[in-house]
Structure formats: C-alpha cells, structure tokens
Amino acid sequence: MSTITAAITAVGGYVPDFVLSNKVLETMVDTNDEWITTRTGIKERRILKDADKGTSFLAIKAAEDLIAKANIDPLEIDLILMATATADMPVASTGVYVATAIGATNAFAYDLQAACSSFLYGMSTAAAYIQSGRYKKVLLIGADKMSSIVDYKDRATCIIFGDGAGAVLFEPNYEGYGLQDEYLRSDGVGRDFLKIPAGGSLLPTTMETVNDNKHNIIQDGKTVFKYAVTNMADASELILKRNNLTNEDVNWLVPHQANKRIIDATAHRMNLEDAKVLMNIEKYGNTTSATLPLVLYDFEHLFKKGDTIIFAAFGGGFTWGSIYLTWAYDKK
Ligand code: UT7
C-alpha cells in the first residue's frame with residue numbers, strides 16, 4: 001500500500017475592492033508614506049467597507065473562487081477548516097456558516113484560531129486528516145476582516161492590517177507530493193504583547209471596556225518584531241537542516257506578510273535569493289490568517305509540480321513555525 005501524503009490541489013482568493021493607501025492614512029493619523037514603506041514594506045491595504053458583512057463574506061468569496069476554478073462539487077467536500085482571528089461572532093462557528101453558504105452540506109466545519117499562524121497550523125490539521133486516510137477533500141480557508149478590530153486612531157496598528165481571504169484544497173496524493181515536514185511552536189509569554197484585551201471570558205464586555213477602547217487590537221510592535229525575526233528565521237532554518245535541504249533546493253519561500261523586514265531576515269538566514277521570496281505585502285498589508293493563501297493565490301502561476309516550498313509564519317500568542325511542502329501540479 002502506498003503512503004498517503006496531503007497535497008494542495010487548488011487555490012482561491014478574494015480581497016475587497018476598497019483600497020486604503022498610505023497617502024490616505026496620512027490624513028487619518030500622524031504618519032507618512034515614507035515611514036510606512038521603509039519600516040514595513042506596505043503601500044496599501046484592502047478594506048471591507050460594508051458594515052453588514054463579516055469575515056464569512058470574504059471566506060465565502062475565496063471558497064467560491066476555488067470551487068469555480070477547480071471545478072469541484074461542494075457536496076464532495078468532507079471538512080472545512082476556517083482559520084480566522086476575526087470570527088463573525090464569538091459563538092456560532094464562522095466555518096459552519098461558510099460551509100452551508102457554499103453548498104458544502106456533506107461537510108463538517110469548525111474555526112481554528114492561532115492569530116497570524118492560524119493558516120499555518122490549519123495546514124498541519126488539514127494534512128493530518130488527509131494522511132490518516134479518513135477524509136478526501138479538506139478545504140482550508142484563511143480569512144480576516146482585520147478592519148473590524150483595528151483602531152484607526154492608533155498608528156501602531158492601523159498602518160499594518162488589511163482585510164482578505166484565501167483558500168486551498170487538500171487532497172490525498174500517492175506520488176509523495178504535498179506536506180513533507182512541519183515545525184510548529186507556541187509560547188504563552190506572548191499574550192501581553194499582541195491582543196484584544198476585552199470581550200473574552202477574562203474581561204467580558206461592559207460599558208467600561210467599550211469606553212476604555214479595549215475591544216481593538218493592541219501590540220507592542222518592537223517586542224513582537226524581535227520575537228518574530230528570531231523565531232521565523234530559526235524555524236525556517238531548522239526545517240531546512242532537518243530535511244537536508246540547501247538554499248539551492250528551495251524554489252519558493254511563502255512567508256507570513258507582517259513586515260518586509262521580518263521576511264528579509266528569514267530569507268537572509270535561509271540564504272535565499274530575492275527572486276525566491278514571495279511577497280505581496282505592499283498591496284494587502286497584514287491580512288493575518290489570509291497572508292499565506294493570498295501569496296499562493298497571487299503566485300500560483302509560477303509553481304511547477306515538484307517545487308519545494310517553505311512556509312513560515314509568526315503571530316500573536318506567540319505562535320509560529322515552518323512547513324515544508326512540495327507542489328503537486330503544474331499550472332492548470
Ligand atoms: O503578524 C503578527 C505579528 N505582528 C508583527 O509581526 C508586527 C511586528 N512589529 C512591526 O512590524 C514593527 O514593530 C512596527 C511596524 C509595528 C513598528 O516599527 P518599528 O521599527 O518597530 O518602530 P518603533 O515602534 O520602534 O517606533 C520607531 C519610531 C518611534 O518614534 P521615536 O520614539 O523613535 O521618536 C515611533 O513613535 O517611529 C514612531 N512611529 C511611527 N512614525 C510614523 C511608530 N509608528 C509610526 C507610524 N508612523 N505609523
């Protein structure tokens with residue numbers, strides 16, 4: 001019996017139309033295009049303006065894009081994993097709502113939250129279900145409406161985040177392509193440095209928490225930056241070493257898009273040339289759970305069957321890690 005590996009077999013994506021540029025941010029907070037560009041690499045980000053639409057709207061669009069492109073029947077999907085840090089509601093799974101909306105009525109679904117590492121962890125979860133032989137089609141969606149938790153008076157966060165969604169389909173592969181190895185870690189020391197303080201069980205919503213502006217994301221950027229640089233680079237270097245891969249063997253780095261300087265540091269540690277480092281941070285900013293699939297969505301046309309891809313992410317919690325995957329198909 002041949003071994004089952006879990007391969008990505010299709011990619012979809014969606015970003016809202018509204019563009020929030022650095023120039024416009026200059027009119028909202030004390031910042032400037034030059035600072036944002038040199039410190040983060042971000043030029044603009046997309047914002048879902050409709051007040052009546054949540055993360056599920058973005059996720060449904062990305063899933064529908066994948067379903068149309070891959071020409072799959074939603075009834076064949078076994079499981080939907082919804083990676084998100086901005087669920088539509090604290091209770092009532094967003095993934096469940098998305099599954100029903102796209103017609104995946106034979107699937108079960110649930111949400112998976114690990115801040116900016118949600119999608120990376122979701123890849124591990126999706127792959128485990130496939131490798132076990134239990135399920136044949138697992139749809140992993142990464143989506144976040146970050147604008148719903150950003151304070152547009154806080155220049156430390158509002159310049160960074162954007163809204164978006166991406167989706168990938170995991171299926172069994174019998175030629176050995178797909179997820180090869182993973183190194184995933186977390187450390188609760190991080191929770192004070194990047195968080196939404198209120199609205200959870202520790203500090204439930206009250207008039208006071210609302211008045212004190214405790215429902216938006218806050219971060220100690222400098223500290224998060226230091227941990228991110230070290231851990232993302234360490235994880236990526238470790239996954240190369242442990243699989244006897246050199247920089248020559250790696251075709252692409254798909255890194256979480258939080259800050260160009262963090263990505264550059266990771267690529268530098270891996271000794272990777274710029275052309276192999278995939279970035280779209282300038283267009284979308286940090287879309288949290290959607291960064292990795294949106295990179296796949298934007299650069300899918302470059303990938304060839306057998307390509308070696310290293311994924312890396314770092315996020316709140318702290319959460320981080322790296323995944324080594326081989327691409328399973330030539331451009332369809
Ligand atoms: O994806 C989840 C994980 N999140 C991250 O990975 C984010 C990690 N952190 C970062 O990307 C960076 O720390 C930031 C982009 C958030 C900030 O960049 P930095 O180089 O760490 O800036 P800083 O916080 O050390 O601030 C440097 C200076 C300060 O001024 P002084 O004290 O040197 O006079 C800040 O007040 O820049 C000032 N500053 C700004 N100036 C213009 C901070 N934010 C801004 C701003 N525009 N938006």
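**Pockets between two domains and aromatic contacts**

In this predicted model, the second largest pocket lies between domain 1 (5-176) and domain 2 (179-326), because both domains give residues to its lining. The space in this second largest pocket amounts to about 700 Å³. Its lining is made up of 28 residues, of which Ile 160, Gln 219, Gly 221, Lys 222 and Asn 259 are the closest to the centre of the pocket. At least two lining residues are supplied by each of the elements α2 (33-40), α6 (155-158), α8 (221-242), α9 (260-269) and β12 (308-315), and the greatest contribution to the lining comes from α8, with six residues. When the lining of the second largest pocket is sorted by class, 14 residues are nonpolar, nine are polar and five are charged.

The largest pocket has a volume of about 1,200 Å³. A total of 37 residues line the largest pocket, and those closest to its centre are Ala 85, Gln 113, Lys 195, Ile 196 and Ala 198. The lining of the largest pocket comprises 17 nonpolar, 14 polar and six charged residues. The largest pocket, too, is placed between domain 1 (5-176) and domain 2 (179-326), since residues of both domains take part in its lining.

For residues 240-327, the unreviewed UniProt entry carries the annotation "domain: Beta-ketoacyl-[acyl-carrier-protein] synthase III C-terminal". Over residues 240-327, helix accounts for 30% of the chain and strand for 23%, while the C-alpha atoms at the two ends are 16 Å apart.

Aromatic contacts were examined as well. With ring centres required to lie within 6.5 Å, the count comes to 13 aromatic pairs. In the pair formed by Phe 108 and Tyr 135, the ring centres are 5.6 Å apart and the planes stand at 55 degrees, so the pair is classed as tilted, given that stacked pairs have planes under 30 degrees apart and edge-to-face pairs over 60. This pair links distant parts of the chain, with Phe 108 in strand β5 (residues 108-112) and Tyr 135 in the loop between α5 (118-131) and β6 (138-145), 27 residues apart. Phe 108 has a relative accessibility of 31% and therefore counts as partly exposed; Tyr 135, at 22% relative accessibility, likewise counts as partly exposed, as the limit for a buried residue is under 20%. In addition, one aromatic cluster is formed by Phe 193, Tyr 227, Phe 314, Phe 318 and Trp 320.

Definitions and conventions: Residues are numbered from 1 along each chain as its sequence is written. This is a predicted model: local features need pLDDT of at least 70, side-chain atom pairs count only at pLDDT 80 or more; totals for chains, interfaces and linings use all residues. Side-chain values use heavy atoms; hydrogens and water are left out. On a 1 Å grid over the protein atoms alone, a cavity is a set of points where a 1.4 Å probe fits but cannot get out, and a pocket is an open set with protein on both sides within 12 Å along at least five of seven lines; lining residues have an atom within 4 Å of a point. Grid points are joined across faces, edges and corners, and a volume is the space filled by probe spheres set on the points. Ala, Val, Leu, Ile, Met, Phe, Trp, Tyr, Cys and Pro count as nonpolar, Asp, Glu, Lys and Arg as charged, and the others, Gly among them, as polar. Domain bounds come from an automatic or database domain assignment. Helices (H or I, at least four residues) and strands (E, at least two) are DSSP runs, numbered from the N terminus. UniProt positions are given in the numbering used here, feature names are shortened, and annotations may be inferred rather than shown by experiment. Rings of Phe, Tyr and Trp (its six-membered ring) pair if their centres lie within 6.5 Å; planes under 30 degrees apart count as stacked, over 60 as edge-to-face and the rest as tilted. Buried means under 20% relative accessible area, exposed over 50%, partly exposed in between (1.4 Å probe, protein chains only).
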